[in-house]
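Hi,

Here is the structure I promised to pass on. Have a look at it first, and then read my notes below.

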Amino acid sequence: MRALRIYTLKNQAMADLYFNVHWQRHLISLPKYHIQVDNVQLERVKQEDESCRVFALVHTEDGDDMETLNAKYMQSDDFKADMAGYDMTAILNVEEVKLKSSLEL
């Protein structure tokens with residue numbers, strides 16, 4: 001399964017920190033939980049104090065339940081270590097859009 005995860009952060013500074021520090025840690029930890037990261041992008045906003053988004057394209061092997069794998073990861077010591085030092089209240093919203101990985105004719 002493929003998904004686009006959209007993380008809305010409080011402002012550009014918190015998004016920069018999340019993207020540059022904490023997502024670097026996720027890149028190492030997520031594969032341990034069978035979640036592969038294809039790409040992560042950071043939105044640039046005009047005003048430093050306006051909300052900003054981080055976009056992550058992720059996938060699991062066919063047949064794996066992403067919700068179950070993600071729950072295991074978020075309850076793990078790896079996740080706690082990945083997010084150490086980050087103010088979780090800066091994450092205003094997380095949205096996941098499930099994607100179809102190929103065209104069916």
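What follows is a short tour of what turned up, from the strands to the charges and a few single residues.

One thing to keep in mind throughout: this is a predicted model.

**The strands**

Let's start with E1, which covers residues 2-9. Strand E1 runs antiparallel to E3, and eight bridges join the two. If you want a spot to check on screen, find Leu9, which sits opposite Cys52 of E3. E1 also pairs with E4 (residues 91-99), again in the antiparallel sense and over eight bridges. There the pair to look for is Tyr7, which faces Val94 in E4. How many of the eight residues of E1 are buried? Six of them are, so the strand counts as mostly covered, buried meaning under 20% relative accessible area.

E3 has another partner in E2, which spans residues 36-42. E2 and E3 are antiparallel too, with six bridges between them. Gln36 is the residue to click on here, as it stands opposite His59 in E3.

**The salt bridges**

Now the charges. Side chains of opposite charge can pair when their charged atoms come close. The count of salt bridges for this model comes to seven, and I'll walk you through some of them.

Take Arg44 and Asp16, whose closest N and O atoms are 3.3 Å apart. This pair links distant parts of the chain, with Arg44 in the loop between E2 and E3 and Asp16 in helix H1 (residues 12-29), 28 residues apart. Is Arg44 buried or exposed? Its relative accessibility is 58%, so Arg44 counts as exposed, the cut-off for that being over 50%.

Lys32 and Asp78 make another salt bridge, at 3.4 Å from N to O. Lys32 is in the loop between H1 and E2, while Asp78 belongs to helix H3 (residues 77-83), so this contact ties together parts that are 46 residues apart in sequence.

Then there is Glu43 with Arg53, where the N to O distance is 3.1 Å. Glu43 is in the loop between E2 and E3 and Arg53 is in strand E3, so the parts being tied together are 10 residues apart in sequence. Both ends of this salt bridge are partly exposed: Glu43 has a relative accessible area of 21%, and Arg53 has one of 33%.

**A negative patch**

Next, turn the model until you find Glu61, Asp62, Asp64 and Asp65. These four gather on the surface in a patch of negative charge. Asp62 is in the loop between strand E3 (52-59) and helix H2 (66-74). With a relative accessible area of 75%, Asp62 is exposed.

**Some buried residues**

A few residues are worth picking out for the opposite reason. Met66, in helix H2, has a relative accessible area of 1%, so it is buried. From Met66 to Ile28 the C-alpha to C-alpha distance is 17 Å, and the two are 38 residues apart in sequence.

His26 is part of helix H1, and at 3% relative accessibility it counts as buried. His26 and Ser51 are 22 Å apart from C-alpha to C-alpha, with their positions 25 residues apart in sequence.

What about a charged residue such as Asp82: where is it? Asp82 is in helix H3, and it counts as buried because its relative accessibility is 5%. Val45 is 25 Å away from Asp82, C-alpha to C-alpha, and the two are 37 residues apart in sequence.

**An unusual backbone angle**

Last, the backbone. Most residues other than glycine have a negative phi. His34 has a positive phi of about 65° although it is not a glycine. You'll find His34 in the loop between H1 and E2, which is also the loop that holds Lys32.

That's the tour. If you have only a minute, I'd look at the pairing of E1 with E3 and with E4, then at the link between Arg44 and Asp16, and then at the negative patch around Asp62.

Cheers

Methods. Residues are numbered from 1 along each chain as its sequence is written. This is a predicted model: local features need pLDDT of at least 70, side-chain atom pairs count only at pLDDT 80 or more; totals for chains, interfaces and linings use all residues. Side-chain values use heavy atoms; hydrogens and water are left out. Patches are made of residues with over 30% relative accessible area and no salt bridge: like charges are joined within 9 Å, nonpolar side chains (Val, Leu, Ile, Met, Phe, Trp, Tyr) within 5 Å. Accessible areas come from the Shrake-Rupley method with a 1.4 Å probe; for residues, only the protein chains shown count as cover. A salt bridge is a side-chain nitrogen of Lys or Arg within 4 Å of a carboxyl oxygen of Asp or Glu. Lys and Arg count as positive and Asp and Glu as negative; His and the chain ends are not counted. The place of a charge is taken as NZ of Lys, CZ of Arg, CG of Asp or CD of Glu. Helices (H or I, at least four residues) and strands (E, at least two) are DSSP runs, numbered from the N terminus. Buried means under 20% relative accessible area, exposed over 50%, partly exposed in between (1.4 Å probe, protein chains only). Two strands pair if DSSP finds at least two bridges between them.
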